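Colleague: I am new to this model and would like a close look at a single part of it. Please take one residue and work outward from there.

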Amino acid sequence: MATPTDADLFGQGIAFPPRLDADGRFGWAIGHRSVRDAIRIILTTEPGERIMLPNFGAGLRAFLFEPNIPATHRLIEEKIDHALRRWEPRVAVGSVLVAAHPDDPARATVSINYTLVATQTHEHVELAVPVAGGPAA
C-alpha cells in the first residue's frame, strides 16, 4: 500500500489569496498549505458572505470599532477558537492568543497554534485584526 501524500491527507485547492503561477494558471495550495489557506479563509470571511453557508466565517470585522484592550482580545480569541473548531476539522486548536500590535494601536495581533489531526504535526499561523485603537479610541 502506498504512503499517503500531503494532498491525500489534507486535500488541495486554489491558493488563498488567489494568484497565478509561472505559466499563468491559478496557483494551488496542497497539503498543509491548503489547511493554512482554509484557516485564513475562515478567519477573513464574515457570516452571511457565503450564500449557501450563511453561518460560515469568524465574524472578526465586528471588532473594527472596539478598543484594543484585553477584554476585546479575549472576545476575538473566543470567536477564532469557535470558528476553527466548527469549520476546520483537519486541525485541533491548541491556543489562540491575541495582543495589541506593538507598533499599530489600530491592530491586534493573533497567534494560533494548532495540530494537524492526520499527522499530529504542530503548526502556527499569525494574522492581524483591525480594531479601533487604544482605550481612548
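In which strand does His 124 lie, and what surrounds that part of the chain?

Modeller: This is a predicted model, and what follows should be read as such. His 124 belongs to strand S5, which covers residues 121-130. Its relative accessible area is 31%. Buried would require under 20% and exposed over 50%, so His 124 counts as partly exposed.

Next, the surroundings of His 124. Apart from neighbours within four places in sequence, His 124 is in contact with Arg 36, Ser 111, Ile 112, Asn 113 and Tyr 114. With one of these, Asn 113, there is a polar contact between the two side chains, at 2.8 Å.

Ile 112, another of the contacts of His 124, leads on to a pair of strands. Ile 112 in S4 is the bridge partner of Val 96. Strand S3, residues 91-100, and strand S4, residues 107-116, run antiparallel to each other and are paired over nine bridges. The link from S3 to S4 is a hairpin through six residues. Val 96 can also be placed relative to His 124: 28 residues separate them along the chain, and their C-alpha atoms are 9.9 Å apart.

Ile 112 also appears in the largest nonpolar core, which has 25 residues. Leu 43, Ile 76, Ile 80, Val 110 and Ile 112 are the members that touch the most others. H2, H3, S3, S4 and S5 each give two or more residues to this core. S4 supplies the largest share, with five residues.

Val 110 shows how these parts meet. Not counting residues up to four places away in sequence, Val 110 touches Ile 76, Ile 80, Val 96, Leu 97, Val 98, Val 125, Glu 126, Leu 127 and Val 129.

Arg 36, a further contact of His 124, falls within the range of helix H2, residues 32-44. The 13 residues of H2 should span 18 Å at 1.5 Å a residue, and the C-alpha atoms at its ends are 19 Å apart, which agrees. Buried residues in H2 are Ser 34, Val 35, Asp 37, Ala 38, Ile 39, Ile 42 and Leu 43. In an α-helix there are 3.6 residues a turn, so residues three or four places apart point the same way.

Finally, the loop between H2 and helix H3 (70-87) holds Ile 69. Ile 69 is partly exposed, at a relative accessible area of 25%. Val 98, one of the residues that Val 110 touches, is 29 residues from Ile 69 in sequence, with 9.8 Å between their C-alpha atoms.

Key:
Residues numbered from 1 in each chain as written. Predicted model: local features only at pLDDT ≥ 70, side-chain atom pairs only at ≥ 80, totals over all residues. Heavy atoms only, no water. Helix = DSSP H or I, 4+ residues; strand = E, 2+ residues; numbered from the N terminus. Expected span 1.5 Å × (residues − 1). Buried < 20%, exposed > 50% of the residue type's maximum accessible area, 1.4 Å probe, protein only. Pairing = 2+ DSSP bridges. Contact = heavy atoms within 4.5 Å. Polar contact = N/O pair within 3.5 Å; in protein donor to acceptor, adjacent residues only side chain to side chain. Core = buried A, V, L, I, M, F, W, Y, C linked by side-chain atoms within 4.5 Å.
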